[in-house]
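Colleague: I have not looked at this structure before, so could you walk me through it and say what each term rests on?

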Amino acid sequence: MKFTISKDKLNSLVQKVLNIVPVRSTLPVLSNILLEADKDKVKMRATDLDVAITSELEADIKNKGSLTVPGRMFADLIRELPEGDVVITGVDKRIEVKSERGLYKIAGISADEFPRFPKIDFTDEVKIDTDVIKGMISKSIFAVSRDETRPALNGILWKCEEGLLTMVATNGHILAKVEQSGLDVKGIEKGVIVPPKALEYFSKLSVDAPDEIGLVFAADNLVLNLDNTILTTRLIDGPYPNFEQVIPKEHSKRAVFDKDEFLALVRRVSILSNNITHQIKLVFGAESIEAMATNYDIGGEGRDEIAMDYQGEELEIGYNANYLLEIMKHVETDQAVMEFTTGTAAAVIDSISHPENQDYCFLIMPLRLAE
Amino acid sequence: MLQNNAGANGVKSRHFGTNGSFGKGRQLTHVIQREHSDKETGEGIEPPPKRRLPRGVPDKVAARWEGYKTIVHLDMDAFFAAVEQQHNPALRNKPVIIGGLPGYRGVVSTCSYEARVYGVKSGMPSAEAYRLCPHGIFMQTDGHKYTWVSVEILSLLKQFSPTVEPFSIDEAFIDISGIWQRYGSPADMVNSIKDAIKGKTGLTCSAGIGPNKMIAKMSSGMDKPDGLTEVHPERVPAFLENLPVEAVWGIGKATGKALEKVGIDTVGELAKTDRSLLKRLFGVAGLALHEIANGVGDTEVTPFYQKPNEKSIGHETTLPKDTASVEILTANLRMLSERVGRRMRKSGFEARRVTLKFRYADFSTFTRAKTLSGYIRSDTAIFHQAMRLLKENKQRTDSIRLVGISVSKLRDTYNSFQEDLFRSSGESKLSCICETMDKIKDSYGDNAITYLSTMTRYV
């Protein structure tokens, strides 16, 4: 293997795949990046066995070949090289990095030991607007559960029926649902659960991604095609809980208030909430929301209120302040809406209006104070 | 004195592994007391009659405690047996043995001093106690009675100091720093406490006074029954020097044997042992042992009104008969998880680790634990983990004699409960059921409601 490429191009390629290289791994070869020189392109691959990335760039290829190199060391070296062309040569199981005046050698591991990447069939590929998919991910990903006892909740549910793509995430305490119409993604009518790691990374990568990305669902994998970069992620086995059933269809109380004022109120009062439960008590009255918090451990308490428009009986209800803040950040209009049935059931948080073709809502469950 | 409710059939609620061995080094007691009184009275008088330090110690002696933490450990003498003897005068001066009845299976919880003469000891199988003392009066434990007396004593102690930490049903720590001056000396104050307890309940206790909880606890066991041992901070090294290592709170048989193997028999030797060697042998616990051996200990008495910093909550039970029956083991694990769960919720905790202990008929004992990724607080979740541990680890088909469950990695719930969207499944719903059962038990007693499978444990 031998090829020449500019330092800047090489650096951007290495940095792209480096994020997927696991920090610790039981399988030593996973700490490595696979380099492949083929025809006129150089490819780099990395995987942690859950997520895999392949990224390629054009380069001046002298000899074909492949080898794996320790990812972090290689990346550190490439970043520090001076500007100009770099010549990479595979000699036995070592890689030689030659800059204008320097020569570096790093021992690698044979490419045969690197996990095989599945062949991807792009015939069923669907093209989707990058910003739309990014927006849907960001509105739902924060609600994904980190509790390993319910594995199905450790990912975002993607479901597409009759041109309506739905993404749902929940940790059992909060739930986020986003819908976008006018999209036709094949093969996920019954829904698949996508783990968040690849999606988080996609959101980071997509800053300089093309306007449209390709999606392929195949054999327990989701493939995200960003032209020169392909992200593949394993899917989580279901079944996903019946989320439709827990979304209240009716409400008896409705509050409309200024989102930023409410955010500021919750932030202020929650400073004095218990730092494990983050419990904050809200009292919805005719014209105001009153927020209260107590932290017995530090002997602190706080009470504050803002004006609002409320219809229904007075309601006193406890919430985890962090959940409220997380959800409110994703309400896109200046005014936010909260709808309730009872003090022990889920409340629906929504914006006052939605963009065309898009719908979303959030659920939050109360934090009950035992007598 | 409230945390541990002694239950029926010899279940003594203790956290696993905290059964410290005391009452050793009896011969040393006198030596220490003699030195003690010689120095402190400064007149070389004969040691006072056992169990009482002289009242009205000269001012300069009392003043020597000035500026030191003064911690008292009170340990009721043969508590369960003594309560029964007070309750029924006909039992007084007779060998009373509380715990399992000899015809059935079970162990001795407590026995009166009259029974100890025959060699009967706490923790001994009832059958063996019967062989040693066939004319003994065997009685089942009556948790309610003991708890009631325990509460009485606790309320009495609170009149002496605001800093009282109930440590078990029959033990408490009291911080008397800055308070004993009113009574003349720490010993005078403790004698007043002992008199007050005796006056109110007729019961005697043994007390230890020391600069920290460790020393106080070790010294209260020095002179039982009805004793008082005072270890002044400056006398701590001399006090510890010749004690056998097993007298240390926390060193049981296993650690004791391991220390003996490397030639450490006394606390003094332990104190001089290289810390790195102890760390190699026992890990972090080894360093803790070294500190204890050098008289360093916790001085923080957690007042009764503060939540104790519990590390684990557990119950175990010796089965009425050795059994290999899955049904009976299941029923007993149900019963134990119900008790553990209730106590855990009462203290306001949820747990992330479940430990199962089981002992075969040949006394070989296993403990196996599992750490979970999320916190649990329902009886059923504890039970399922315990059953799983039993299935995965019970490799022999022989009969089992004892089972126990404990939970650890505890977290304070601050009495708040996050509702779950999918409550129809899982822990959320189970917790709701448990909380409701707890309320029923609070109103109508512990036996008002239980799981059907718990009730089948004797079948």
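Colleague: Why are strand E20 (residues 288-295) of chain A and E21(A) called a pair?

Modeller: Two strands pair if DSSP finds at least two bridges between them, and E20(A) and E21(A) are joined over 8 bridges in the antiparallel sense, so the term applies. Strands of at least two residues (E) and helices of at least four (H or I) are DSSP runs, numbered from the N terminus. Within this pair of strands, A:Asn295 stands opposite A:Gly300, which belongs to E21(A). Residues are numbered from 1 along each chain as its sequence is written, while chains are lettered from A and ligands numbered from 1 in the order in which they are written. You should also know that this is a predicted model, where local features need pLDDT of at least 70, side-chain atom pairs count only at pLDDT 80 or more, totals for chains, interfaces and linings use all residues, and side-chain values use heavy atoms, with hydrogens and water left out.

Colleague: What makes the sheet with the order E21-E20-E19-E23 (chain A) an open one, and which are its edge strands?

Modeller: The sheet holds 4 strands in antiparallel pairing, and it is open; strand E21 (300-307) and strand E23 (315-320) of chain A are the edge strands, each pairing on one side only. On average, neighbouring strands are turned by 20° against each other, with direction ignored.

Colleague: Which strands does helix H6 (residues 259-270) of chain A touch, and how does its direction stand to that of E21(A)?

Modeller: Contact means heavy atoms within 4.5 Å, and helix H6 of chain A packs on the sheet by touching strand E19 (279-284), E20 and E21 of chain A. The direction of H6(A) makes about 170° with that of E21(A), where axes are lines fitted to C-alpha atoms, for helices over the stretch in contact, and angles run from 0 to 180 degrees between N-to-C directions. Helix H7 (residues 321-329) of chain A also packs on the sheet, touching E19 and E23 of chain A, and its direction makes about 85° with that of E23(A).

Colleague: Why do A:Arg234 and A:Asp50 count as a salt bridge?

Modeller: The rule asks for a side-chain nitrogen of Lys or Arg within 4 Å of a carboxyl oxygen of Asp or Glu, and here the N to O distance is 2.7 Å, so the pair qualifies. A:Arg234 is in strand E17 (residues 229-234) of chain A and A:Asp50 in the loop between strand E3 (41-47) and strand E4 (51-58), so that the pair links parts of the chain 184 residues apart. Over all chains, 44 salt bridges are found.

Colleague: How many salt bridges are counted between chain A and chain B?

Modeller: The count is 1: B:Asp420 joins A:Arg150, with the closest N and O atoms 3.0 Å apart.

Colleague: How many residues of each chain are in contact across this interface, and how much area is buried?

Modeller: Here 30 residues of chain A are in contact with 17 residues of chain B. The two chains bury about 2000 Å² between them, 55% of it on carbon and sulfur atoms, buried area being the accessible area (1.4 Å probe) that two parts lose on being put together, summed over both. A:Ile276, A:Met365 and A:Arg368 supply 28% of the area that chain A buries against chain B, more than any other three residues.

Colleague: What is unusual about the peptide bond from A:Gly238 to A:Pro239?

Modeller: Most peptide bonds are trans. The bond from A:Gly238 to A:Pro239 is cis, with omega near 0°, and A:Pro239 lies in the loop between E17 and H5 of chain A.
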